[in-house]
Amino acid sequence: MASKPVPEVTEIEAVYGLEGAAEATNRYQKLAATFKEKFGHYPEAFARAPGRVNLIGEHIDYEGYGVLPMAIRQDTIVAIRKGGDNLTISHLDPDKYPTVSFGTDPAQAVDTANHTWANYFLSAYKGVFDHLRAKGSLAPLPVGLQVMVQGTVPQGSGLSSSSAIVCSSSLAIAKALSVAHTLTKGEVADFTCIAERHVGVTSGGMDQAISIMAMPGVAMLVEFNPVQASEVQLPSGATFVIANSLTVSKKAETADKR
């Protein structure tokens, strides 16, 4: 699983299934139309990554022990195109998530003392360049990127909305820079785990691994050093109830104080 390339699809049913295609199509169409209103052009690509729940193995991935998570339907979508002179990170809900701009230097630091939601995108941006350089690849020249995000993973709910945006952003950036085809699922799972630490939180690797390597209808046994994932068939007819307490965990906002 880890050695497989990250898939690229052209049919929405390949990701959301027939039962979810209509709703997902509306989301993507609205995102594309709003992107064009803001930037004057349609996005060149979309990338998405799901949230997750964990079935077995809480907080042990930090020490390299295996865990058993599964992905959920809720996900984060990132629309992207090359353009402008900066990284312009916008959201479909600008009142809650205002537009933020960064320079294009991948060496810039993430300001953890002044947290913004767009720090997750900047962490992903740094992660892509760091990974390419670490494996000896010729990193592309930094370019301006125009970005719009939309997500359905509840923020701070324990369903890993942070990893969903870091993973989807990393995939979108890699596609915009024309390097996505050179990356395996294992590589992306590894470097997104490291990248998310730029926002100031501890990340053990489970969240990113399942977001990148999940498969429909199964849980995944995720193991580390090196990261790998194998399918675990769920009991026939099993139902998993995921309850949201509505208490928001703001880990990144308080990271510089811990």
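**Backbone first**

I started at N225, which sits in the loop between strand 6 and strand 7. For helices and strands I went with DSSP runs, numbered from the N terminus: H or I over at least four residues for a helix, E over at least two for a strand. This is a predicted model, so I kept in mind that local features need pLDDT of at least 70 and side-chain atom pairs count only at pLDDT 80 or more, while totals for chains, interfaces and linings use all residues. Numbering runs from 1 along each chain as its sequence is written, and side-chain values use heavy atoms, with hydrogens and water left out.

Which bond does N225 share with P226? I found a cis peptide bond, with omega about 0 degrees. P226 is in the loop between strand 6 (218-223) and strand 7 (228-233). N225 also has a positive phi of about 60 degrees, though it is not a glycine. I flagged these because most residues other than glycine have a negative phi, and most peptide bonds are trans.

I use three classes of relative accessible area: buried is under 20%, exposed is over 50%, and partly exposed is in between (1.4 Å probe, protein chains only). N225 comes out exposed, at 70%.

H59 is another non-glycine with a positive phi of about 60 degrees. I located H59 in the loop between strand 1 (45-56) and strand 2 (68-82). H59 is exposed too, at 58% relative accessibility.

**Then the charged pairs**

My rule for a salt bridge: a side-chain nitrogen of Lys or Arg within 4 Å of a carboxyl oxygen of Asp or Glu. How many salt bridges does this rule give? I count six.

E19 and R73 make one, at 3.5 Å from N to O. E19 is in helix 1 (residues 13-39) and R73 in strand 2, 54 residues apart. Both side-chain partners, E19 and R73, are exposed.

R52 and D207 pair at 2.7 Å, N to O. R52 lies in strand 1 and D207 in helix 5 (residues 206-213), so this pair ties together parts 155 residues apart in sequence. Buried or exposed? R52 is buried at 12%, and D207 is buried at 18%.

E187 and K135 form a salt bridge at 2.9 Å, N to O. I traced E187 to helix 4 (residues 185-196) and K135 to the loop between helix 2 (119-134) and strand 5 (145-151), with their positions 52 residues apart. E187 is buried at 17%, whereas K135 is partly exposed at 35%.

Last entry: R27, R48 and D75 are joined into one network by salt bridges that share partners.
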